[in-house]
Amino acid sequence: MAKKIKFNLHVNGVGVSSLEGLQDNFNIEDIMEHFKSGLLMRWLDVQGLETELKELKKLDQNSDNLAQSILKIFDMDHLDKNDLKITLADINYKEYKENLLKTNENLEKNAKSFLREYHDKFRDIIWDIIKNSENVEKIKSNLKIIENDYFDLFLLQFQTLVSVFKTNAPLALIFGLGTEKIRTMLLAYINIEEAGDHNKYCYIGDEKIDVDDETKEYLKSINLKPIDYLSYGYFEAISKVVYNSLTFDYRKLRDVIKRFDGSTEGLWRDLVARNKRVLVLEISSSAKASQIPKDGETNKPIGIDEINGSFIILNGLNFQSSNNNAFIVYVEL
């Protein structure tokens, strides 16, 4: 009988050689990929993990509960359910893209149908955001897909989408401010509106693009980096929609938009742990905020001038005030 040759299974960028190693570096996306390729079963076999192998063989690759079943087999079903929902949505979308590419190998012959499906999928994503306007996991997952694969279409329809989201899915704007590219778009027009110069160009991208010195200095003065040029005049209404209308009725969104009121008697109070990113929307003049300092560091207080209108993102959130009327409004990203 041939000897079984042991090998490491690559999970989360690490080669693991034991069940404990697998659990310590558990990544559901990698595990599901190895399961579907059969590599996971081979690894379990050579490692002598017969119980887990037997249970995996019972699973159906097309089951809607495949990920949850795998988590249970490896005793990992304690993982954060919200993070898992986002990860599973990413996996499903990745499979959609792979299947789409397989059916469009000859792009020249299928260009029209490919582009039609590309636009239709973008429309479906926007509609999914609107239909699930209070579902944080859905919104964050869809925004991630837009940034990765549909950002050019998002730019083309930016003015319309901001208006639609403001009315029908305000959380999409809130969590858009927690992304990389969409945040840049929103803040760019806020900054230009504040500068009051609508004749300048807004650049949002690669600094290698040729930009004249005067424009570079202007962009620097309003905190923008050059990337791809878009005439502000074309989007004149956008900044007004964004800058003047990013004031929401917190009562309607209180499950997501948090507000803390009152005095902390001058002491720092932890509102959000350091391992969470926090978008700070507003603070009163009588209060200070800070991200949670690392070990050995102290709080770095910031107040109304640094926070209001800037939509800053902090790692964790500390709050300090001696005024009973003090408040802070924030979102955990």
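**Figure 1. How much of the chain is tucked away from the surface?** Of the 333 residues in this protein chain, 43% count as buried. Keep in mind that this is a predicted model. Its secondary structure adds up to 15 helices and nine strands. If you look at contacts between residues at least 6 apart in sequence, 67% of them join residues at least 24 apart.

**Figure 2. Helix α2 crosses helix α3.** Here you're looking at α2, which covers residues 28-37, and α3, which covers residues 39-47. Their axes come within 5 Å and cross at roughly 90°. Angles from 65 to 115 degrees count as roughly perpendicular, so α2 is roughly perpendicular to α3. On the α2 side, I31, H34, F35 and S37 make the contact, and on the α3 side L39, L40 and M41 do. Sort the residues of this contact by type and you get five nonpolar, two polar and no charged.

**Figure 3. Zooming in on H34.** H34 sits in helix α2. Is H34 buried or exposed? Buried means under 20% relative accessible area, and H34 has 13%, so H34 is buried. The side chain of H34 reaches the backbone oxygen of H10 at 2.7 Å. Setting aside neighbours within four places in sequence, H34 is in contact with L9, H10, V11, L39 and L40. Two of those names should ring a bell: L39 and L40 belong to the α3 side of the contact in Figure 2.

**Figure 4. The buried residues of helix α3.** Stay with α3 for a moment and pick out L40, M41, W43, L44, V46 and Q47, which are buried. What do the buried residues of α3 pack against? Their partners are the strands β1 (9-11) and β2 (14-16), along with the helices α1 (19-24), α2 and α4 (50-57). Just after α3 comes G48, which takes a positive phi of about 75°.

**Figure 5. Helix α2 meets helix α5.** Now follow α2 to another partner, helix α5, made of residues 66-73. The two axes come within 11 Å and cross at roughly 100°. That angle makes α2 roughly perpendicular to α5. From α2, the contact uses I28, I31, M32, F35 and K36; from α5, it uses L66, A67, I70 and L71. The residues here divide into eight nonpolar, no polar and one charged. I31 and F35 may look familiar, as they also take part in the contact of α2 with α3.

**Figure 6. An open sheet of five strands.** What order do the strands take in this sheet? Reading across, you go β5-β9-β6-β8-β7, and the pairing is antiparallel. The edge strands are β5 (257-261) and β7 (287-290), each of which pairs on one side only. From one strand to the next, the twist averages 50°. As you trace a strand, here's a handy rule: in a regular strand, side chains alternate between the two faces of the sheet.

**Figure 7. Strand β6 and its two partners.** Strand β6 runs through residues 269-283. With strand β9 (residues 327-332), β6 pairs in the antiparallel sense over five bridges. To find your place in that pair, look for I283, which stands opposite I328 in β9. Strand β6 also pairs with strand β8 (residues 313-321), again in the antiparallel sense, over six bridges. A good landmark there is V278, which stands opposite L314 in β8.

**Figure 8. N142 and its link to D128.** The last close-up takes you to helix α8 (residues 136-149), where you'll find N142. Because its relative accessibility is just 7%, N142 counts as buried. Which residues does N142 touch, leaving aside neighbours within four places in sequence? N142 is in contact with I125, D128 and I129. With D128 there's a polar contact, side chain to side chain, at 2.9 Å. N142 and D128 are 14 residues apart in sequence, and their C-alpha atoms are 8.0 Å apart in space.

Notes:
Residues are numbered from 1 along each chain as its sequence is written. This is a predicted model: local features need pLDDT of at least 70, side-chain atom pairs count only at pLDDT 80 or more; totals for chains, interfaces and linings use all residues. Side-chain values use heavy atoms; hydrogens and water are left out. Axes are lines fitted to C-alpha atoms, for helices over the stretch in contact, and angles run from 0 to 180 degrees between N-to-C directions. Helices (H or I, at least four residues) and strands (E, at least two) are DSSP runs, numbered from the N terminus. Angles under 35 degrees count as roughly parallel, over 145 as roughly antiparallel, 65 to 115 as roughly perpendicular and the rest as oblique. Contact means heavy atoms within 4.5 Å. Ala, Val, Leu, Ile, Met, Phe, Trp, Tyr, Cys and Pro count as nonpolar, Asp, Glu, Lys and Arg as charged, and the others, Gly among them, as polar. Two strands pair if DSSP finds at least two bridges between them. Buried means under 20% relative accessible area, exposed over 50%, partly exposed in between (1.4 Å probe, protein chains only). A polar contact is a pair of N or O atoms within 3.5 Å; within protein, one must be able to donate a hydrogen and the other to accept it, and residues adjacent in sequence count only if both atoms are side-chain atoms.
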